[in-house]
Structure formats: C-alpha cells, structure tokens
Amino acid sequence: MRNSGGDEERLAELSHDWGDEELHAALRQAFAARRAVPPEFVQAGRNAFAWHDIDAELAQLTYDSTRLTEGAVATRAQEEAAIRVLTFTSAEAGLQIELEVQEGALVGQILPMQSAAIEVQTKTGTLQPISADEVGCFWISPIPSEDFRLRCRPVAGDAEVVTVWVRL
C-alpha cells in the first residue's frame, strides 16, 4: 500500500535534481520558519513536556500585602504597604510559605516550621537551589527579575509543594 501523502517519496525524487542553490534556499526557508515562532511559544512547549511535578501540591497565593483586603480602609493616597509580604498556602499539604520582600532579597519561612529543600524556578528555566533551616527560614538573593515560583520539599514527610508563578 502506498503512502497517500507521498511527501517522503516526492522529496526523495526532487532532492536528486536539486543543485546547491536550491538546497541552500530550502534550508534558509526552513530556518526562517523556525525563527518565526515566538520564543515564548517554544518555552511554553518545553515547559509542558518538562512537567515533572504532576504529583506536587499547588500552593495558591492567599495574601499579598500590596492588595487591599475586603476589611481594609482605603486611604486618601492609596498608600502601599511599607513591607511587601506574600503568603502561599497549600491546604492539602498543610503548608504555608511566607515571603517578605526586603532590599535585594526575599526572606521566607515555611509553616509549620521545618527544614526543607527549596528551588527557585524561573519561566526561562533557571533553577536556584536553597535550603530552609530547622525553623523553616530561608533567604533568596538576588530577587528574581522575572516570573518565578518555589518548589518546596520538606525533609520530613512526602509532601511536595509548588507555588503559583509570581513576579515582584
């Protein structure tokens, strides 16, 4: 039975008659088509296939000190909080990750307090391994300049928690 598309056979027939110029033109066209794909599409495809944490619990952003809560009273100038604090919560894993933005660094703590291995992951694929001490404290420096998330693996237990993507 013959392949209905016949692309391979047609390419084989044509390629025998191609000269150097035709081959170079076809290669230039193929490379130009690859460059036409936006880099963020390529990265999204790589991220989709590299999703190794399907069993990790997702920690949602449950508090951001720069956003007004329902009970907060709006001031005349809508002043921002002097200190930015973020809280990520994974109810299923029973963990909270708190981050405080300081000058040039993030100071964090895992609750309930425990030591853990943490990775700072950026959307471009950069990984920065850090550790939380026995009371759950850790330090991230420098502050990532792009979207990032934290992957937390407490030393005690099997829970693995990944925060949602955030940009500061």
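**Exercise 1.** What percentage of the 168 residues of the protein count as buried?

*Solution.* Start with the ground rules: this is a predicted model, where local features need pLDDT of at least 70, side-chain atom pairs count only at pLDDT 80 or more, and totals for chains, interfaces and linings use all residues. Residues are numbered from 1 along each chain as its sequence is written, and side-chain values use heavy atoms, leaving out hydrogens and water. Next, the cut-off: buried means under 20% relative accessible area, exposed over 50%, partly exposed in between (1.4 Å probe, protein chains only). With that, 24% of the 168 residues come out as buried.

**Exercise 2.** Place Glu 98 in the fold and describe its surroundings.

*Solution.* First, the elements: the protein has 3 helices and 9 strands, where helices (H or I, at least four residues) and strands (E, at least two) are DSSP runs, numbered from the N terminus. Glu 98 sits in strand 3, residues 95-102. Then its exposure: a relative accessible area of 29% makes Glu 98 partly exposed. Now list contacts (heavy atoms within 4.5 Å). Skipping residues up to four places away in sequence, Glu 98 touches several residues, among them Leu 86, Val 107, Leu 111 and Phe 138.

**Exercise 3.** Which peptide bond involving Leu 111 is cis?

*Solution.* Check omega: the bond joining Leu 111 and Pro 112 has a value of about -5 degrees, and that bond is cis. Then locate the proline: Pro 112 lies in the loop between strand 4 (105-111) and strand 5 (116-122).
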